[in-house]
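Reader: I would like to learn how to read helix packing and burial in a model of this kind. Could you take me through the general ideas and then the case at hand?

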Amino acid sequence: MADKCSLRVVIIDDSATVRLTLRRILTDAGFNVVAAARDGLEGLHAVRTHRPDVVTLDINMPNMDGLQALRQILAEQWVPVVMCSTLTRRGAEITMECLAAGAVDFIHKPESAEGWDHVAKILPIKLRVAAKAKPRRSVEGAGRRVVLPAGVPARAPLLVLIAASTGGPAAIEAVLRELPEDFPVPVLVTQHMPAGFTASFAERLDRVCGIHCVEAQDGQAAVAGTAYVAPGGYHLRIGHDFTLHLD
């Protein structure tokens, strides 16, 4: 693995302004930007040519969009990919598809100068974490077997709690796919994800999983057979009466 200050990056984005901004941010942070492509086709060629340590990938692009490019890139070689997504309904939905398809993480593409200041702080961290990611292995059957440490009584649980950050969406989906519609307890999920994306995440889980999945609401009663995803930017708490609280 390359040193964290010399990671080789390919930028794929159809906006010249965004490519220039990302190049400046990453160069200032010590990354080696080996190519900046204008669409998915150019990006695919750049990844083949330069074999970077990590890729930033826009979603909405001409010729070949981000989801198509991601699938093609990962079909040919393993390289960690961080999606650059707009905070729109459609953008959030496609971002969830990209994470399910193998993207390691994503970052919200801002619309103001202040937003880019935040990107300059968080994107280098995300890329360094992403560069350490390993190819995803199958977790088939992850929810079918529970091993308790020695001395822990095998009592029936009252609820299941899941928390995750980078790489979490795909892992959470793999686990929840194994839970049946009549799962006997509520499931609470907190995924490190910006506000605006968790609703689409919950909707995707509900489509592909047997257990019912929703974005949690303040004052909602947690019931068996349902997974509740904490909204981005909120803590999710549960009271003794199994009422959910957001703060």
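Author: What follows goes from the whole chain to one helix pair and then to one enclosed helix. This is a predicted model, in which local features need pLDDT of at least 70 and side-chain atom pairs count only at pLDDT 80 or more, while totals for chains, interfaces and linings use all residues. Residues are numbered from 1 along each chain as its sequence is written, and side-chain values use heavy atoms, with hydrogens and water left out.

Reader: How many helices and strands does the chain have?

Author: Helices (H or I, at least four residues) and strands (E, at least two) are DSSP runs, numbered from the N terminus; the chain has seven helices and eleven strands.

Reader: At what angle do helix 1 and helix 5 pack?

Author: Axes are lines fitted to C-alpha atoms, for helices over the stretch in contact, and angles run from 0 to 180 degrees between N-to-C directions. Helix 1 (residues 16–28) and helix 5 (residues 113–130) pack at about 60°, their axes being 10 Å apart. Helix 1 is therefore oblique to helix 5, since angles under 35 degrees count as roughly parallel, over 145 as roughly antiparallel, 65 to 115 as roughly perpendicular and the rest as oblique.

Reader: Which residues of helix 1 and helix 5 meet?

Author: With contact meaning heavy atoms within 4.5 Å, Val18, Thr21, Leu22, Ile25 and Leu26 in helix 1 meet Trp116, Val119, Ala120, Leu123 and Leu127 in helix 5.

Reader: Why is helix 6 described as largely enclosed?

Author: Buried means under 20% relative accessible area (1.4 Å probe, protein chains only). Seven of the nine residues of helix 6 (residues 168–176) are buried, so helix 6 is largely enclosed by the rest of the structure; among them are Ile172, Glu173 and Leu176. Across the chain, buried residues make up 46% of the 247 residues.

Technical notes. Buried < 20%, exposed > 50% of the residue type's maximum accessible area, 1.4 Å probe, protein only.
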